[in-house]
Amino acid sequence: MMSDTPSTALRTAVAQFAVAEDWEANAATAGRLIAEADRHGVDLLVLPEGIMTRFIGRKDQIRAAAQSLDGPFVAAMREHSRDSDATVVFGMHERSDDPRPFNTLVALRRGEVIAVYRKLHLYDAFAAVESDDVRPGRERPPIVNVSGFAVGLMTCYDVRFPELARDLADRGAEVIALPAAWAAGRTKEFQWSTLVSARALDATVFVAASGESGGSCIGGSRIVDPLGSLLAMCSQETDLAIAQLDRAHLETCRSSLPVLHHRRFALSFQPSEFAG
């Protein structure tokens, strides 16, 4: 439950599954994972990016499948979270006033939307052009209070931009929730694990990274500590991994590795324009 008094630990889970084309099937799978997390007393559950419909390798689905935040998919997710003690973070494609939808993260608590983040960095890399079908966000990621821990939001390709993790840490984030749908490819599993740990080290934060599994996605959902060490990892196509994030450990890491105090350059958030 949310508290203004900092807790000593945050029970955190990352979950993964193979996303289907049908949003109702995906909402049902997510609901089962929420229920499982609740049985384990989880405070924060991070689900993958874009779980409303399978979109990796199916770009044609993105515009057609997009829904509004008051549409049936979010309504189903809200219902699944209504009786849960966990704050749930997941990704979807959200209709906009542009033909292209946003790639949006939604944070739910007790059946209510408490935060929204529209992905800033679009995956125009490795021959993919996400900006063909997705509109970039313009606002910096929010930070939500989960049981007294400050949790910042990032999405998939955002992990390649260290300044975003550092901006979240500068604003007080202690944990970063990172939903993703990381496409398979040469060295991509290595890149994923390295980048997740690197962002934890850059900002001395815990990172709870959830990746879509199955098909052309690698899964690899993991939780790492502020020194980049692995705390928990999913190993099956549909799986849930849990770790206890201890505030005392965070404080020890930040004391022994005070990069947030030693840095010589400040950040100024001002999104730049790009071809997408």
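**Exercise 1.** Find the bridge partner of Val151 in E8.

*Solution.* In E8, Val151 has Val175 as its bridge partner. Next, take the strands as units: E7 (residues 149–153) and E8 (residues 175–180) run parallel and are joined by three bridges. Strands (E, at least two residues) and helices (H or I, at least four) are DSSP runs, numbered from the N terminus. Two strands pair if DSSP finds at least two bridges between them.

The model is predicted: local features need pLDDT of at least 70, side-chain atom pairs count only at pLDDT 80 or more, and totals for chains, interfaces and linings use all residues. Residues are numbered from 1 along each chain as its sequence is written, and side-chain values use heavy atoms, without hydrogens and water.

**Exercise 2.** State which strands stand at the edges of the sheet, and why one side of each is left without a neighbour.

*Solution.* First, write the order: the open sheet has six strands, E6-E7-E8-E9-E10-E11, with mixed pairing. Strand E6 (143–146) and strand E11 (230–233) stand at the edges; each has a single partner strand, so one side of each lacks a neighbour in the sheet. On average, neighbouring strands of this sheet are turned by 20° against each other, direction ignored.

**Exercise 3.** Determine which strands helix H5 lies across.

*Solution.* Helix H5 (residues 188–203) lies across E8, strand E9 (206–211) and strand E10 (222–224). Its direction is about 35° to E10. Such angles run from 0 to 180 degrees between N-to-C directions, with axes fitted to C-alpha atoms, for helices over the stretch in contact (heavy atoms within 4.5 Å).
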